[in-house]
Protein chains: 4
Amino acid sequence: MTDAPIPAPVRALVLVCTLKPSPTDSSAQLVGEQVLAQLEDNGATGEIVRVVDHDVRFGVTTDEGDGDAWPDIRARMLASDILVVATPIWLGQPSSVCKMVLERLDAELGETDDQGRMLTQGKVAVVAVVGNEDGAHHVVAECLQALNDTGFSIPSLAATYWVGEAMQATDYRDVEPTPEKTASTTAVAATNAVHLARLLKAAPYPPQ
Amino acid sequence: MTDAPIPAPVRALVLVCTLKPSPTDSSAQLVGEQVLAQLEDNGATGEIVRVVDHDVRFGVTTDEGDGDAWPDIRARMLASDILVVATPIWLGQPSSVCKMVLERLDAELGETDDQGRMLTQGKVAVVAVVGNEDGAHHVVAECLQALNDTGFSIPSLAATYWVGEAMQATDYRDVEPTPEKTASTTAVAATNAVHLARLLKAAPYPPQ
Amino acid sequence: MTDAPIPAPVRALVLVCTLKPSPTDSSAQLVGEQVLAQLEDNGATGEIVRVVDHDVRFGVTTDEGDGDAWPDIRARMLASDILVVATPIWLGQPSSVCKMVLERLDAELGETDDQGRMLTQGKVAVVAVVGNEDGAHHVVAECLQALNDTGFSIPSLAATYWVGEAMQATDYRDVEPTPEKTASTTAVAATNAVHLARLLKAAPYPPQ
Amino acid sequence: MTDAPIPAPVRALVLVCTLKPSPTDSSAQLVGEQVLAQLEDNGATGEIVRVVDHDVRFGVTTDEGDGDAWPDIRARMLASDILVVATPIWLGQPSSVCKMVLERLDAELGETDDQGRMLTQGKVAVVAVVGNEDGAHHVVAECLQALNDTGFSIPSLAATYWVGEAMQATDYRDVEPTPEKTASTTAVAATNAVHLARLLKAAPYPPQ
């Protein structure tokens, strides 16, 4: 009798990109928590950082200095296998806080290991988007392109979202119960992310 | 007693960019008809062309030859003061037929009058977008940018749209009655388009 | 002998959306200055605000309180006829500072006069974009859609831009002399913006 | 002495989305050939289909009937492990032919195996984009989002591109020699695509 191999531990970091600091209720925070719960159901562990609660600076380097909170968040990202970007929609587009995070990740283009691989390569990205109405697909497009440009791999069906009917004003956090289609989409994204993260951890990309 | 000045006649062309030829029901056709009705309420006249009913060719010239249907549609566009692009959403993006139309308009960059003005300058564009769910803002963005690049002016609040809740499958043409917010948005877009078209007709842009 | 009518004064506000505070050199600032110079050549007056030099807060209201610098910038915008958004490109997308500005403009949807018109209606928008490489058209699309959503009218050929060849690293401010095509595009955008601003000032949109 | 495991065969399909039928020269065809050559260097085999040479119909089903050429192309896609979408840029956006292809892939949302997995899951996508100037990042965004929506996984750094300086008119096929940065980016995308395709072939996603 042989034992099945023990799967490698997988760690996730959820960056919540709401415009509103804690303790204000946030739908982006809620969907971020839901993604993390699903990742945990697939054996991952992780944590959530609400970006706007920290003094992250505008910029495109790894450390803008002078108390910049990004280096600490970056260290958590580098210690993780899965990065989840959870963002609200404003004007049909990703939030400015989300864009600030993506700009900070741009610095990873210059950070490589001795095989020429960016430190983000081998990591997997998931996107979660909520808004009152309209814009999720485009927000996903902006995020997937920026995350892939900065080294992340994208598992099949990597995005989950909820929006209401056109020009409506209901918040995701006020929709009870969680819409079933969003919940099942979240579950698929999490399953696929953990699967891909495990594969890439066991078999990293070749030297670039 | 003096007479109020008689407003200049304003003509509109609605290009419906559904993937489906007539006589299949089309939500994009419906919203195009609704925009035209509102333009008529503001004193304009106009017509609707369902692009896929005609043999428009892929290309970026004014006439791709060999029976290309674009030159006839282009003549109608050039005879109009307002161009309405009515498109469905697929995958959160404008339809391929809509993209084919925008590519044909790209040829206008090379067609100028003796003042260096493109033949489209002085014309006004409106965008109408419908889909089962999500994507309207981004479709508007793609269309407004392409239409402005090719010479059109954009009146305030130039877009109208409807989409359902995330991951739903209801068609706009099956929503009864027409959603009030979409209807009032359509009315504003039409009012503003006719106003701007009249201004630009009376006072064209200077030589470029 | 009759006098020609004296054209109405036209005022412009240029919002520079670089990530870097003064006095760091900024290509977005440079293109913003060039647009303003061309607007002045067409008889406008105006000023430039480098947004990141001020304590503008993330949010979607007209005043986020507690020292928020947006209300002062907003007052300048409301006193202007032309709004120029000048932004760098990061990852092929508008800067986070640009997105922050657009989110603040979202508040204008709730601010209307006694005719139901947003206070931005009648104002004209221009977009100026610079980057090392690639992304200008999409940045223009994002900005035009958001600015039109929030009430602004878009003159024909309202955008100017410069980017280098793919994957190059030259900054616009280091290109000598100013690329001729960008300069002529800037001139056209400015001419058309002043023309449209004058028309809309003399003949405002009807009640909405 | 033990033998190294023989890697699984990997097959690629390149869909070239130029607007122009053969035998017209096409920069999109050229970059598609270059991606395929790099995939072959990594041990894959494959073929190129120039979509506009075939009678592919507008639509969102797997077979629009009446001589539709998509079912044959789809069969080739289903027999492949890697799908490369090679497209020109028009107006800063993907070509209409590219959009037509993505719309046809939308049908895959309804085609699942007995584990609830789409037939595209386990396949890997790469995007190659060329244009005279500007637009590559956004085209990549549109394609990655649509391809991920329809089941494909995205390897790290999955896109390659070339564009000239702003408002220039040189075609990629006339740039001699191939720009080095584009060539090395193509090589990385191909290496990563074959690596990921092998991983997913050996270890498919779990039931969905």
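Two residues are taken to be in contact if their C-beta atoms, placed from the backbone, lie within 7 Å. With that in hand, the chains of this predicted model can be introduced one at a time, and then the places where they meet.

A good place to start is the fold of chain A, which is built from 5 helices and 6 strands. Followed along the sequence, these elements come in the order β-α-β-α-β-β-α-β-α-β-α. The C-alpha trace of chain A extends over about 55 × 50 × 30 Å along its principal axes. For 208 residues, a compact globule would be expected to have a radius of gyration near 17 Å, and the value for chain A, 17 Å, agrees with this.

Chain A meets chain D through 27 residues, which are in contact with 27 residues of chain D. On the chain A side, helices α4 (136-149) and α5 (180-202) each contribute at least two residues. The largest share belongs to α4(A), with 7 residues. Sorted by class, the side of chain A that touches chain D holds 15 nonpolar, 11 polar and 1 charged residues. How are these two copies related? Chain A is superposed on chain D by a rotation of 180° with 0.0 Å of shift along the axis, at an RMSD of 0.0 Å. Because 100% of the interface residues of chain A are also interface residues in chain D, the copies meet through the same surface.

A second meeting place joins chain C to chain A, where 20 residues of chain C are in contact with 20 residues of chain A. Here the elements of chain C that give two or more residues are α3 (96-105) and α4 (136-149). Of these, α3(C) provides the largest share, 6 residues. The side of chain C that touches chain A is made up of 10 nonpolar, 5 polar and 5 charged residues.

The symmetry of this second pair can be described in a similar way. A rotation of 180°, with 0.0 Å of shift along its axis, brings chain C onto chain A with an RMSD of 0.0 Å. This is therefore the relation of a two-fold axis. Which residue of chain C comes closest to the rotation axis? That place is taken by C:Ser96, whose C-alpha lies at 2.4 Å from the axis. Both copies use the same surface, as 100% of the contact residues of chain C recur in chain A.

Within a single chain, one pair of helices in chain D rewards a closer look. Helix α1 (residues 27-41) packs against helix α5 (residues 180-202) of chain D at an angle of about 50°, and the two axes are 8 Å apart. An angle that is neither under 35 degrees, nor over 145, nor from 65 to 115 counts as oblique, and α1(D) and α5(D) are therefore oblique to each other. The crossing of α1(D) past α5(D) is right-handed. From α1(D), the contact draws on D:Gln34, D:Val35, D:Gln38 and D:Leu39, while α5(D) brings D:Thr186, D:Ala187, D:Ala189, D:Ala190, D:Ala193 and D:Val194. What classes of residue make up the contact of α1(D) with α5(D)? The residues divide into 7 nonpolar and 3 polar, with no charged ones.

Definitions and conventions
Residues are numbered from 1 along each chain as its sequence is written. Chains are lettered from A and ligands numbered from 1 in the order in which they are written. This is a predicted model: local features need pLDDT of at least 70, side-chain atom pairs count only at pLDDT 80 or more; totals for chains, interfaces and linings use all residues. Helices (H or I, at least four residues) and strands (E, at least two) are DSSP runs, numbered from the N terminus. Ala, Val, Leu, Ile, Met, Phe, Trp, Tyr, Cys and Pro count as nonpolar, Asp, Glu, Lys and Arg as charged, and the others, Gly among them, as polar. Copies are superposed by least squares on the C-alpha atoms of residues with pLDDT of at least 70 in both. Axes are lines fitted to C-alpha atoms, for helices over the stretch in contact, and angles run from 0 to 180 degrees between N-to-C directions. A crossing is left-handed if the near helix is turned anticlockwise from the far one by less than a right angle, and right-handed if clockwise. The radius of gyration is taken over C-alpha atoms; the globule rule is 2.2 Å times the number of residues to the power 0.38.
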